[in-house]
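Visitor: Got a minute to walk me through this one? I'd like to start with the strands and then look at pockets.
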Amino acid sequence: SLGLFCFNKKQNRYVNLNNNLSNYSIKAIIPCQTGDLWLGTNYGLLKLDKIRKSVSKYYNTLKPYNQALRNSVNSLNELDVNNLVVGTELGLYIFNTQNNEFSSTDKLFALDNRLGSIQITSIISGSPLLNWIGTYQGLLKLRRNALKFKNYNNKNIPGLKDENIKSIYEDEFGFLWVGTLGGLNRLNRETEQFNRYINNSRDAGSISSSSITCIYEDKQGNTM
């Protein structure tokens, strides 16, 4: 459904946070150090000021561009207090929250425009200088100011059977969990090998579905 809702646990019901968001399909949400909520939507990047209850809208107008695809925001990650990493249907970008401007990732990752034409599905920070990027063409490991990025796909990493990455999560032990439409994958970063977990109708102990769109770790260290 469209819009943004908050679940009130005391009242056991959902509350619409802002009626101005009712026309937006929200695909990513991150709270920032300023206290605002940044929202990735099908029509650009939005900032929700929770105190003023106001919404600000930002659009990527970098050229050459496909406005519809570059403003369909699938994922967000806070790079630092002044910058967001924005993953879209057509590329990876940086949004400066001080001057409210989009820029390419060329300077950040010392790359050419290869990241400007890839469908980005998910982003997490593995460390202050490392980002993991999920795409429809595999998993990317990018180091800031590095000259190269590594692409994990089923050609160079046999254990990763499905390249359509839907979600990424790093657990407390340092394992990287990658959700795809073809199973849940765990990357051992020391050996750079994947273990794959899929649904097996004959095994009641297997995961219930091989289509993994979200990954979470509870307080007991269980990955869900």
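Visitor: How many residues of strand 5 are buried?
Guide: Five of the six residues in strand 5 (residues 44-49) are buried, so to speak mostly covered; buried means under 20% relative accessible area with a 1.4 Å probe, protein chains only. Strands here are DSSP runs of E, at least two residues, numbered from the N terminus. This is a predicted model, where local features need pLDDT of at least 70, side-chain atom pairs count only at pLDDT 80 or more, and totals for chains, interfaces and linings use all residues. Residues are numbered from 1 along each chain as its sequence is written, and side-chain values use heavy atoms, with hydrogens and water left out.

Visitor: Which strands does strand 5 pair with?
Guide: Strand 4 (residues 37-41) pairs with strand 5 in the antiparallel sense over five bridges, and strand 6 (residues 54-58) does so too, also over five bridges. To count as a pair, two strands need at least two bridges found by DSSP.

Visitor: What links them?
Guide: Hairpins. Two residues connect strand 4 to strand 5, while four residues lie between strand 5 and strand 6, with Lys 53 in that turn at a positive phi of about 60 degrees.

Visitor: Which residue stands opposite Trp 38?
Guide: Lys 47 in strand 5. Further along the story, Leu 46 stands opposite Lys 57 in strand 6.

Visitor: OK, pockets. How much space lies in the largest pocket?
Guide: About 380 Å³. A pocket is an open set of points on a 1 Å grid over the protein atoms alone, where a 1.4 Å probe fits, with protein on both sides within 12 Å along at least five of seven lines; lining residues have an atom within 4 Å of a point.

Visitor: Which residues are closest to its centre?
Guide: Of the 18 lining residues, Lys 27, Asn 74, Ser 75, Thr 121 and Ser 122. Strand 3 (26-31), strand 7, strand 11 (120-127) and strand 15 each give two or more residues to the lining.

Visitor: And what is strand 7 part of?
Guide: An open sheet of four strands in the order 7-8-9-10, paired antiparallel. Strand 7 (73-80) and strand 10 (101-104) are at the edges with a single partner strand each, so one side of each has no neighbour in the sheet.

Visitor: How many bridges join strand 7 to strand 8?
Guide: Six, and strand 8 covers residues 83-88. Asp 80 has Asn 83 as its bridge partner in strand 8.

Conventions:
Points joined across faces, edges and corners; volume = space filled by probe spheres on them. Buried < 20%, exposed > 50% of the residue type's maximum accessible area, 1.4 Å probe, protein only.
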